[in-house]
Amino acid sequence: MDRDRIVAALLERYGRTYAEEAGIALRDTPAPLYQLLVLTVLCSVRIGAATAVAAARELFAAGLRTPRAMAAASWQSRVDALGRAHYVRYDESTATALGRGADLLLDRWHGDLRRLRTEAGGKSGKVEELLREFPRIGPVGAGIFCREAQAVWPELRPFFDGRARAVAADLGLPRTAARLAELVPPEDLGRLAAALTRLTLAHGEPSELLSAASDGTGDEQPARTRATQAARAPSGGS
């Protein structure tokens, strides 16, 4: 089957990044990068992605969009924001992790994750290693951050974790990150990685997506053309 059709169907159905869904207008500036870090912390426990995104939105709506604001907020105010999103079981421990993480970012990198990037020296593995110093963030969480941040940190590209590559193989797409990167423009690598991840989290079957692509019920434009147009269109979530 035509790979362009498969990729177009993926992007059409699942190609919204989690940062976009959380209302983060991701740029290489301190505030949105920190907001992505917060989202990463929220996603780093065994909880639904939709709940994690809702929790991020509640925290941001409460004004906790920068490490300084997060550090200055009371522990109870963080717990309350998480509670409004029904982020249960992990609300208290996550409130603590967010406070400690904000303190770490302020103390070590002056509140700016771009300084962490500079310390990593352009090495994606070092970026992941440094991210794991934040409370709650382990290998999976570091991967979540890098998957989304590759949109603004080119040295992370192409970033597809093992699960995304396995799903790609099930769809008949290349299994290696380098080959997957050939399917879309660089600015859409994060969207493709998110789409492959969302397909599994939504319990979608590769066979269903393949059927949609074969029937032409997905977007029939070649993947590169469609992805480029989507990148130029206004974002619906931010």
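**Exercise 1. Work out whether Arg89 is buried or exposed, then look at its backbone and that of His86.**

*Solution.* Start with the accessible area: Arg89 has a relative value of 67%, so it is exposed. Keep in mind that we're working with a predicted model here. Next, place the residue: Arg89 belongs to the loop between H6 and H7. Now check the backbone. The phi of Arg89 is near 75°, which is positive even though the residue isn't a glycine. That deserves a remark, because most residues other than glycine have a negative phi.

Then move to His86. This residue is in the loop between helix H6 (75–84) and helix H7 (91–109). Its phi is also positive, near 60°, and again the residue is not glycine. For accessibility, the cut-off for exposed is over 50%. His86 comes out at 60%, so it counts as exposed.

**Exercise 2. Find where the cis peptide bond from Arg157 to Pro158 sits.**

*Solution.* First the angle: omega of the bond between Arg157 and Pro158 is near -10°, which goes with the cis label. Most peptide bonds, by contrast, are trans. Then the location: Pro158 falls in the loop that runs between helix H10 (139–149) and helix H11 (162–170).

**Exercise 3. Get an overall picture of the fold and of the confidence in it.**

*Solution.* Count the secondary structure first: the protein has 15 helices and zero strands. Burial next: 50% of the 238 residues count as buried. For the contact pattern, take pairs at least 6 apart in sequence; 69% of those contacts join residues at least 24 apart.

Now confidence. The mean pLDDT is 88, with 84% of the residues at 70 or more. Residues 218–238 are the stretch to watch, with pLDDT below 50; in the model this stretch still has 42 contacts beyond near neighbours in sequence.

**Exercise 4. Describe how Asp28 and Pro30 connect to the rest of the chain.**

*Solution.* Take Asp28 first. You'll find Asp28 in the loop between helix H2 (18–21) and H3. At 27% relative accessibility, Asp28 is partly exposed, because that class lies between the 20% and 50% cut-offs. Skipping residues up to four places away in sequence, Asp28 touches Leu33, Arg114, Arg117, Val152 and Trp153. Trp153 is 125 residues away from Asp28 along the sequence, yet their C-alpha atoms are 7.4 Å apart.

Now Pro30, which is part of helix H3 (residues 30–43). Its relative accessibility of 28% makes it partly exposed too. With neighbours within four places left out, Pro30 contacts Gly111, Asp112 and Arg114. For a distance check, use Arg65: 35 residues separate it from Pro30 along the chain, and the C-alpha atoms are 10.0 Å apart.

Put the two contact lists together and Arg114 turns up in both, touching Asp28 and Pro30.

**Exercise 5. Which residues line the largest cavity, and which elements supply them?**

*Solution.* Begin with the count: the structure has one cavity of 30 Å³ or more. The largest cavity holds about 60 Å³ of space. Its lining consists of Tyr34, Leu37, Val38, Val41, Ala97, Leu98, Gly101, Ala102, Phe134 and Pro135. Sort these by element, and H3 and H7 are the ones that give two or more residues.

**Exercise 6. Characterise the second largest pocket, then check Ser44.**

*Solution.* Volume first: the second largest pocket has about 410 Å³ of space. It is lined by 18 residues, and those closest to its centre are Cys43, Val140, Ile144, Arg163 and Leu201. At least two lining residues each come from H10 and helix H13 (189–201). H10 contributes the most, with five.

Now Ser44, in the loop between H3 and helix H4 (49–61). Its relative accessible area is 19%, so Ser44 is buried, given that the cut-off is under 20%. Beyond neighbours within four places in sequence, Ser44 is in contact with Arg136, Ile137 and Gly141.

**Exercise 7. What sits over the ring of Tyr18, and how many aromatic pairs are there?**

*Solution.* Look above the Tyr18 ring: the charged end of Arg198 is there, 3.9 Å from the ring centre. Then search the whole structure for ring pairs, and you get two aromatic pairs.

How values were computed:
Residues numbered from 1 in each chain as written. Predicted model: local features only at pLDDT ≥ 70, side-chain atom pairs only at ≥ 80, totals over all residues. Heavy atoms only, no water. Phe/Tyr/Trp six-rings, centres within 6.5 Å; stacked < 30°, edge-to-face > 60°. Lys NZ or Arg CZ within 6 Å of the ring centre and 35° of its normal. Helix = DSSP H or I, 4+ residues; strand = E, 2+ residues; numbered from the N terminus. Buried < 20%, exposed > 50% of the residue type's maximum accessible area, 1.4 Å probe, protein only. pLDDT = per-residue confidence, 0-100. Contact = heavy atoms within 4.5 Å. 1 Å grid on protein atoms, 1.4 Å probe; cavity = no way out; pocket = protein on both sides within 12 Å on 5 of 7 lines; lining within 4 Å. Points joined across faces, edges and corners; volume = space filled by probe spheres on them.
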